[in-house]
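I opened this notebook to follow charged and polar side chains through one model, and I write down what I looked up in the order in which I looked it up.

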Amino acid sequence: PRVAGVIARVQRFVRDRRSTRTRTVAKDVMDFLDNCGFITVDRESKKSVESAERCVCQFLVRLGYKQGKKKGMMCYRLKEENIKKRDKYVQVMTNANCDNSTQIVYMDESYIHKNYHRHDDSLFDPNDEQDLERIAQHKGKCYCFIAAIIDNDKSPDVLALPDKDQPVECKDGLIHETLEIFEGRKKQAKDYHGMFDSAYFIQWMDKLIEALTAWNVQSALIVMDNTKYQKRLTEGMPKGSWKEERMLKYCKEHRIDVNPSNLKKYCLGYIEKYVDEHVRPTIVSMTEAAGHKVVFSPPHHSDLHSIKLICANVKGTVG
C-alpha cells in the first residue's frame, strides 16, 4: 500500500542500510515489507516470489528510487564514542536552555586572510583563452580573532559594561562581550589554530572570567571547541618520552594499580586512563574556581556550536 507510513518505513530501512554500506536491492525491500506484514509472499511458489519482486520494483520506481552511487552526499561514519559525546552535549545544552538561571557563553576563534575572496568579483573575458587565473597561494598577512558572546535572552534588556558608565542595550538577545584581534605571523601555520597557543588562551580566559565577574554573570556555561591548546593539562603530566622508572614512580605516588614488571607502553596506558578520569585541563579548573562551567562541543558537529554560524557570517562579510 502506498501510504505515508509504509513509504517512511521503507525510506528509513534503505537509509539505515546505506549508513553501514550494506548493499540493498529490491529483494531486500521485498523481504522487509513481507516481515512487516505489508505484503504477503508465498515462499514455496517461485511464481509468487517473482511476482512480488516485480511489484516491489515498480513500487520503488514510482517513489523515485535509483540504483548506483548517490552524488554529493558523502559523510563519515561517527565512532561510538563521538556519538555518546554528541548526545551528552545535546542533553547538557537542552537542560541549560530550559534553566532560566543559567547563562550560556559561546566562544570561538578563527581568522581572515588578506586575500579572502578578494578577487571573486574581478572582470574577465570568456573568449580570451590566454587569460589564465593563478591559483591563490594564501600567503601573507591574516587577522586572527577570538570572541565570546553571551546569550542574554534570560537577562534584563540592559547590562552595565565595566569600562563605561552608560549601559548598552541588547539587540536580538545577544551582546558581544569579549573580542580580541591580532595579526598572524608572515609564515602562516598549517591552519589558524597554529596562531593560538595554550599560554595565550589561558590569558584570554582570565580576561573573559574578569569580564563575566564585572557584568555580574554567575554560574555561566562556557561552550568551546575541542582544540588541543584548550585542553592543555597542568605542568608535570606524564609523557611518552618518560623513562619507565619515572612512570612507575608516578603510578606509585597517585596509587595507580600497575604491575612493575609491565612494559613501558602498558604502564603509559594505565597512566593515560587515570589522567582522563581524574585530571582536568587548566582551563576547566580555573573556570570552575570562578564558579562557571565549561562544556566542549562534540567532534564533527560544528553545526551545534551557535557561534560558528556567526564567525562564518563575519568572514564572508569582512572578507
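Before the pairs themselves, I fix the term: a salt bridge is a side-chain nitrogen of Lys or Arg within 4 Å of a carboxyl oxygen of Asp or Glu. I also keep in mind that this is a predicted model.

Entry 1, Asp225 and Lys308. I looked up this pair and found that the two side chains meet in a salt bridge, with 2.9 Å from N to O. The partners come from distant parts of the chain, since Asp225 sits in the loop between β6 and α6 while Lys308 belongs to helix α9, 83 residues apart. I checked accessibility as well, and both Asp225 and Lys308 are buried. For Asp225 the relative accessible area is 8%, and I call this residue buried because the value is under 20%.

Entry 2, the surroundings of Asp225. I placed the residue in its loop, which runs between β6 (220-224) and α6 (244-253). Besides Lys308, I looked at His305, whose side chain makes a polar contact of 3.3 Å with the side chain of Asp225. With neighbours within four places in sequence left aside, the contacts of Asp225 include Asp108, Glu109, Gln230 and Phe296.

Entry 3, Asp108. What does Asp108 form with Lys308? I found a salt bridge here, the closest N and O atoms being 3.2 Å apart. This pair again links distant parts of the chain, with Asp108 in strand β1 and Lys308 in helix α9 (residues 306-318), 200 residues apart. Asp108 is buried, at 2% relative accessibility.

Entry 4, Arg43 and Asp31. I noted that the structure holds seven salt bridges, and I then turned to the one between Arg43 and Asp31, where the closest N and O atoms are 2.9 Å apart. Arg43 lies in the loop between α2 (26-36) and α3 (46-62), and Asp31 lies in helix α2, 12 residues away. Is each partner buried or partly exposed? Arg43 is partly exposed at 42% relative accessibility, whereas Asp31 is buried at 18%.

Entry 5, Thr102. Finally I looked up Thr102, which is in the loop between α4 (80-98) and β1 (103-113). Its side chain makes a polar contact of 3.0 Å with the side chain of Asp99. Thr102 counts as buried, because its relative accessibility of 15% is under 20%.

Key
Residues numbered from 1 in each chain as written. Predicted model: local features only at pLDDT ≥ 70, side-chain atom pairs only at ≥ 80, totals over all residues. Heavy atoms only, no water. Buried < 20%, exposed > 50% of the residue type's maximum accessible area, 1.4 Å probe, protein only. Polar contact = N/O pair within 3.5 Å; in protein donor to acceptor, adjacent residues only side chain to side chain. Contact = heavy atoms within 4.5 Å.
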